[in-house]
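Trainee: I should like to learn how to read the features of a structure that is new to me. Would you please guide me through some of them?

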Amino acid sequence: MPTDITPAGQNTLDSFVQHSRPPPVPVAISQEIRDRGSTFTATIYRASTVAEVQRCVKYLAKVVHGPRLASHEISAWRCMVLKPGKSGLGGPDDFEIITGSNDDGEKWAGSKILRVMENQSIIDAVVVVSRWYGGTMLGPARFTHIETCASEVCRVFKKNEEIADCLSTLTTLDDILADLRAELTEKRALTEPDYASWIESDLPRARRLIKARENAIKSVKLALRKLNEEPPKQSEEDKPRA
């Protein structure tokens with residue numbers, strides 16, 4: 001059975017302004033679909049609890065769409081939460097996914113959105129498909145429009161999640177690499193070359209080594225100067241592959 005998550009009471013922009021938290025920000029909004037006078041559009045928000053789901057749906061319905069209320073604000077959500085009595089230290093088994101939907105008068109529509117979210121493995125989000133009824137009943141076509149709008153915003157949400165994961169992984173790997181380089185530099189500094197053991201018997205070698213060191217210093221200085229003067233360029237391994 002659909003779950004009614006609409007809180008009682010009048011909801012206005014003032015009620016959100018009075019809260020210290022900023023209003024919900026959508027991750028994506030779909031293109032409008034128009035059919036025989038009806039208009040459909042989907043909005044997806046991040047939401048990790050049912051309370052956040054309620055807040056997002058209420059804000060969209062009463063504030064964003066306040067000047068032109070939708071006939072139906074159909075919603076579905078999937079949130080990963082701690083199981084009762086669990087701390088999260090036990091790993092994935094400490095968590096469970098709770099799901100729900102609200103038809104808001106459009107019978108069976110909420111479950112259609114929920115199925116789209118499940119098929120795309122969307123977690124910690126709420127999708128709201130708003131419909132403005134145009135006076136003509138659309139029959140099964142309305143479900144196609146609802147699913148199309150929901151799929152569009154879910155794809156954007158999924159892509160954003162993948163981008164965030166990649167950025168986080170790259171940053172972590174860069175930090176690990178920097179730490180390893182620092183450790184290597186430190187160990188090299190503690191193990192200084194023993195020039196004294198051979199320099200007396202091989203001065204030509206020492207002079208060649210001095211020249212090589214001077215050239216290396218010049219090369220590094222030149223590279224640093226170029227980097228300071230030019231915008232950074234992508235390395236070959238960072239460039240997108242076809």
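**Salt bridges, a helix and a pocket**

Mentor: Let us begin with the charged pairs. In this predicted model, the count of salt bridges comes to five.

Trainee: How does one recognise a salt bridge, and which residue forms one with Arg 34?

Mentor: One looks for a side-chain nitrogen of Lys or Arg within 4 Å of a carboxyl oxygen of Asp or Glu. Here the side chain of Arg 34 meets that of Glu 32, with N and O 2.5 Å apart. Arg 34 is exposed, at a relative accessible area of 62%, while Glu 32 is partly exposed, at 41%.

Trainee: With which residue does Arg 46 form a salt bridge?

Mentor: The partner of Arg 46 is Glu 161, and their closest N and O atoms are 2.3 Å apart. This pair links distant parts of the chain, since Arg 46 belongs to strand 3 (residues 38-46) and Glu 161 to helix 4 (residues 141-190), 115 residues apart. Arg 46 is partly exposed, with a relative accessible area of 44%, and Glu 161 is also partly exposed, at 28%.

Trainee: Are Glu 106 and Arg 142 buried or exposed?

Mentor: Buried means under 20% relative accessible area. Glu 106 has 7% and therefore counts as buried; Arg 142, at 16%, is buried as well. Their side chains meet in a salt bridge of 2.9 Å, N to O. Glu 106 lies in the loop between strand 5 (95-102) and helix 3 (109-119) and Arg 142 in helix 4, so the pair ties together parts that are 36 residues apart in sequence. Arg 131 joins Glu 106 and Arg 142 in a network of salt bridges.

Trainee: How does one check the length of a helix, and what span should helix 2 have?

Mentor: One compares the expected span with the distance between the end C-alpha atoms. Helix 2 has 15 residues (50-64), so at 1.5 Å a residue the span should be 21 Å; the end C-alpha atoms are 20 Å apart, which agrees. Among the buried residues of helix 2 are Val 53, Arg 55, Cys 56 and Tyr 59.

Trainee: Which elements give two or more residues to the lining of the second largest pocket?

Mentor: A pocket is read through its volume and its lining. The second largest pocket has a volume of about 170 Å³, and its lining includes Pro 22, Tyr 45, Arg 46, Arg 55 and Cys 56. Strand 3 and helix 2 are the elements that give two or more residues. Helix 2 provides the largest share, three residues. By character, the lining divides into six nonpolar, no polar and four charged residues.

Definitions and conventions: Residues are numbered from 1 along each chain as its sequence is written. This is a predicted model: local features need pLDDT of at least 70, side-chain atom pairs count only at pLDDT 80 or more; totals for chains, interfaces and linings use all residues. Side-chain values use heavy atoms; hydrogens and water are left out. Helices (H or I, at least four residues) and strands (E, at least two) are DSSP runs, numbered from the N terminus. The expected span of a helix is 1.5 Å times one less than its number of residues. Buried means under 20% relative accessible area, exposed over 50%, partly exposed in between (1.4 Å probe, protein chains only). On a 1 Å grid over the protein atoms alone, a cavity is a set of points where a 1.4 Å probe fits but cannot get out, and a pocket is an open set with protein on both sides within 12 Å along at least five of seven lines; lining residues have an atom within 4 Å of a point. Grid points are joined across faces, edges and corners, and a volume is the space filled by probe spheres set on the points. Ala, Val, Leu, Ile, Met, Phe, Trp, Tyr, Cys and Pro count as nonpolar, Asp, Glu, Lys and Arg as charged, and the others, Gly among them, as polar.
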